[in-house]
Each structure stands twice: as structure tokens, then as C-alpha cells.
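Let's walk through this model together, starting with the chain as a whole and then moving to two places where helices pack.

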Amino acid sequence: MEFRVAILMLLLVIAGGAEAGTGKRPPLCLSCHAPHYVGRGSCTSCHRGNDRSDRENIAHRDMIPGSLVYFTLGGDSPRVREGKQLIDRFACRRCHRIAGKGNRRASNLDRLYATTPPLAIQQAITRPAVFMPDFHVTDRQGVALVNAIMAGGMAAGEERRELPQVVHFAERGGKREEGFAASCGPCHRLLSEQYGGLGTGDAGPNLSGIFSEFYPRTFEGKLPWTVERLKTWLKNPRRVRHGSTMRPVPLEEEKLPELLHHLER
């Protein structure tokens, strides 16, 4: 017992001696990795992990790889700027809230900064969940998107007292046979705040948030979609866009309000 106490005291003395010169023990990461961006702080301020252990499985626990830490360099990082452009291009905010802006049809991505490892976010992007469009992102695009999402979460800060967003991807109590599911569901999908996931098709674009400011301006002349423009489109798509493969969708007057209700909610 006395021998163990003596060994422990010796280790404490050695540790104290290592810190005596600088007042702080150097991170053990540097025993394997060369230092870089020294002026920005310690290894863990960017990469997380555990810099007090030289055991790889402990030191690398929850560590962020170098490709996914560009968000710590601020908004001027080229990877972050590229990710922001992709967020607009893919219209991610039609369903998600990013950097304080966006709809709440799906999870608030600003909260991921404090709760979710970047690698898990990258996997979610490359392997989309049900009702999330598959954008077929490349590895580089996935890296850029993760960095932009994390940068947005840093800038927005954690929202307080935010109610969780609950989305039902399956219809409870049977399939809805009217409205969006019957008229558009065979070719399109829709994620709504009130009704959850609707539709089963992937032949046409995802229509989530079609009337919001975050949906791509894909109407003729790069105009945003409105109720009146959608009515015009449904009557004869080829009149609006020559060569469209979509057929006219004849709707009875009493069924149109239900369809619009699903699209707006």
C-alpha cells in the first residue's frame, strides 16, 4: 500500500515539474501530431477530443477530423462559404432552420452545434432520412455543408426553451387518400409541419415549403411559387414550361383547397 502511495506522489511531482516552467502542461496531442494554427488555441478548442491522454482511443474520443473543423476559423473560411452556397442551392431552409433562418418542418440544425458530432451530421447528409431529398452530394460538398451548418449554429447560439419538433413520417390510423397524397403523392413527396410526411414518389421534386421564401425559384422566369402560379401550372404544365414531362392535373374545385392546405402546412 505504501509503495502505491509513493508511486502516486512521484507521478504528481513529475506532472508538477512539467507545468512549472510554463504554468500549463503541454497537450499530449503534440507527442504524435505537429502543431498548427497555434494562435487559435489548444488542439481541443478545434478538434475536441482529450488532450490529457496519450492513449489513442481516449485522446481521439469524439474528435473532429481536420476536414470538419473549418467552421472554427470563422465565416471567412472557403469551405464555410462553399457550404453556405450549397445550403441555398439545395434549399435546405425550406425544411430546416440554419443560422437563425428557415422553416421548422424538420429539425433545427442550429442545435446540432452543441449536441451532435460533425461526423454524424455528415453521415445524415450522405444517407438521407426518409422524406429528405437525396441531393447525391459529393464528399467535398458534404464536408462543406457540415462546416456551414456548424458555423451557423455557432453564430445563432443555442435557443432557449425551444419546443421539440415532432414529425410523423407515417400516417397514423390509416393512409390519407385525399389532398396531396391522392393528387401529387404518386410522383412527389412533402414534409409538412402539421401532417408530417406525405406522398411516396420520387419522380418529381420534393415540394416541402413550396410557398415559402426558401423554396427554389423554379417557376417560369425564375419566379417564386404562389398559389395562383401553382393553379396555372396544374392546368397545363407545358404551357408554362415547354417540354415538361408532367401531365395536366385536373382537380375538382372542392378538392383544390385541401391540396393547398397540405402544401401550406
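A residue counts as buried here when its relative accessible area is under 20%. By that cut-off, 35% of the 265 residues of the chain are buried. Keep in mind as you look around that this is a predicted model.

The chain has 11 helices and four strands. If you take the contacts between residues at least 6 apart in sequence, 51% of them join residues at least 24 apart. As for the surface, the chain exposes about 17,000 Å², and carbon and sulfur atoms supply 54% of that area.

Now for the helix pairs. Two packed helices are described by the angle between their axes and by the distance between those axes. Start with helix 6, which spans residues 118-126, and helix 7, which spans residues 139-156. They pack at an angle of about 125 degrees, and their axes are 9 Å apart. An angle between 115 and 145 degrees falls outside the roughly perpendicular and roughly antiparallel ranges, so helix 6 is oblique to helix 7. The crossing of helix 6 with helix 7 is right-handed. On the helix 6 side, Pro118, Ile121, Gln122 and Ile125 take part in the contact; the residues they meet in helix 7 are Asp139, Gly142, Val143, Leu145, Val146, Ile149 and Met150. By class, this contact of helix 6 with helix 7 has eight nonpolar residues, two polar and one charged.

Next, turn to helix 9 (residues 227-235) and helix 11 (residues 256-264). This pair packs at an angle of about 125 degrees, with axes 12 Å apart, and helix 9 and helix 11 are therefore oblique to each other. Helix 9 passes helix 11 in a right-handed crossing. Here Val227, Leu230, Lys231 and Leu234 of helix 9 meet Leu256, Leu259, Leu260, Leu263 and Glu264 of helix 11. Sorted by class, the contact of helix 9 with helix 11 has seven nonpolar residues, two charged and no polar ones.

One residue of helix 11 deserves a closer look: Leu259. Is Leu259 buried or exposed? Its relative accessible area is 2%, so Leu259 is buried. What is Leu259 in contact with, leaving aside its neighbours within four places in sequence? Its partners are Gly179, Phe180, Cys184, Leu234 and Leu251. You can also compare sequence and space for Leu259 and Ser183: they are 76 residues apart in sequence, while their C-alpha atoms are 7.8 Å apart.

Conventions
Residues numbered from 1 in each chain as written. Predicted model: local features only at pLDDT ≥ 70, side-chain atom pairs only at ≥ 80, totals over all residues. Heavy atoms only, no water. Helix = DSSP H or I, 4+ residues; strand = E, 2+ residues; numbered from the N terminus. Buried < 20%, exposed > 50% of the residue type's maximum accessible area, 1.4 Å probe, protein only. Contact = heavy atoms within 4.5 Å. Areas by Shrake-Rupley, 256 points an atom, 1.4 Å probe, with all protein chains shown as cover. Axes fitted to C-alpha atoms, helices over the stretch in contact; angles between N-to-C directions. Parallel < 35°, antiparallel > 145°, perpendicular 65-115°, else oblique. Left-handed = near helix turned anticlockwise from the far one by under 90°. Nonpolar A, V, L, I, M, F, W, Y, C, P; charged D, E, K, R; others polar.
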